[in-house]
Amino acid sequence: MIRSAFTIAAVFLGLSAVPSQAQDANENNNGLQTGTRFEREPETADAAQARWMQKRVANCVFNRNKDEAREILANSNFYSIQFDDFDQDPETLFDDLNVDFCIGRLMRGADNRAYYTYMQIQYSTLRNLLAEEAYLQDFDGPPKIDSATPRDVAGRFDGMRVHPQISTMASLADCLTYHASAQTHDLLRARPGSDDEDEAITALGPVIVSCADTQEQQLQIPTSLIRQMAADGLWSRSYYGSTAAGEG
């Protein structure tokens, strides 16, 4: 059984990543699209604060269940967890990972109680939050990318066919981390909602446009989706890839 949460932003449906060697009249000398303008989807201060709280919950969950979290990551993708591939009942996942304990510990502060409604975490969101924490736990620096490094991480699906949305997102995340490993690393190191996060995403804008290869005049993406793409891409490249990252 595969539990999936297909909640990809509509802007990405049907998109394919740009081959690293592709270049035409709509690209600049760096191979980046010039006809599309990148713009983040507007985010309220409350939403940014909620993302910061989700990260703290995920950090608590990961630190209390490192082996279990790594097993989940090894048997999952951006959208789904393959529960049949390892010994985990999906109905008890959140209880087994002590998610409620971590949420409760965070909510003890009076200023945090107003954000309780934002703690509706899907399987896929939790998986990508755990990917961020696992990557940051293991690596102090971005993956080392050189001319011999493949853009796409071949070991992701072990030869299995997957839903086109899954393969599309994997290709986007691999493209993003291949062309901007340092910037994606900086993004995950930044606190959600911070100026550092804002700077990292601004730097990633042209790369996202290039990897999306869209004909849209404006590409608008939620900050949370960009961060999850970076987490999935960096963790997958470090776990499945043949090149080493800056280990912690």
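Let's start at Asn98, which has a relative accessibility of 26% and therefore counts as partly exposed. The model you are looking at is predicted, so it is worth knowing the cut-offs behind that label: partly exposed covers the range between buried, under 20%, and exposed, over 50%. Asn98 sits in the loop that joins α3 to α4 (99-107). Its backbone deserves a glance too, as the phi angle of Asn98 is near 60°, a positive value in a residue other than glycine.

From this loop, turn to the charges on the surface. A patch of negative charge gathers there, made up of Asp67, Glu68, Glu71, Asp87, Asp89, Asp95, Asp96 and Asp100. Two elements each give two or more residues to this patch, namely α2 (66-74) and α3 (93-96). Of these contributions, the one from α2 is the largest share, at three residues.

One member of the patch to pick out in your viewer is Glu71, which belongs to helix α2. Glu71 has 37% relative accessibility, so this residue counts as partly exposed.

Now move along the chain to helix α6, which runs through residues 164-179 and has 16 residues. From its first C-alpha to its last, α6 reaches 22 Å, close to the 22 Å expected at 1.5 Å a residue. How much of this helix is covered? Mostly, it turns out: 13 of the 16 residues in α6 are buried.

Conventions: Residues numbered from 1 in each chain as written. Predicted model: local features only at pLDDT ≥ 70, side-chain atom pairs only at ≥ 80, totals over all residues. Heavy atoms only, no water. Patch = residues over 30% accessible without salt bridge, like charges linked within 9 Å, V, L, I, M, F, W, Y side chains within 5 Å. Areas by Shrake-Rupley, 256 points an atom, 1.4 Å probe, with all protein chains shown as cover. Salt bridge = Lys/Arg side-chain N within 4 Å of Asp/Glu carboxyl O. Lys, Arg positive; Asp, Glu negative; His and termini not counted. Charge placed at Lys NZ, Arg CZ, Asp CG, Glu CD. Helix = DSSP H or I, 4+ residues; strand = E, 2+ residues; numbered from the N terminus. Buried < 20%, exposed > 50% of the residue type's maximum accessible area, 1.4 Å probe, protein only. Expected span 1.5 Å × (residues − 1).
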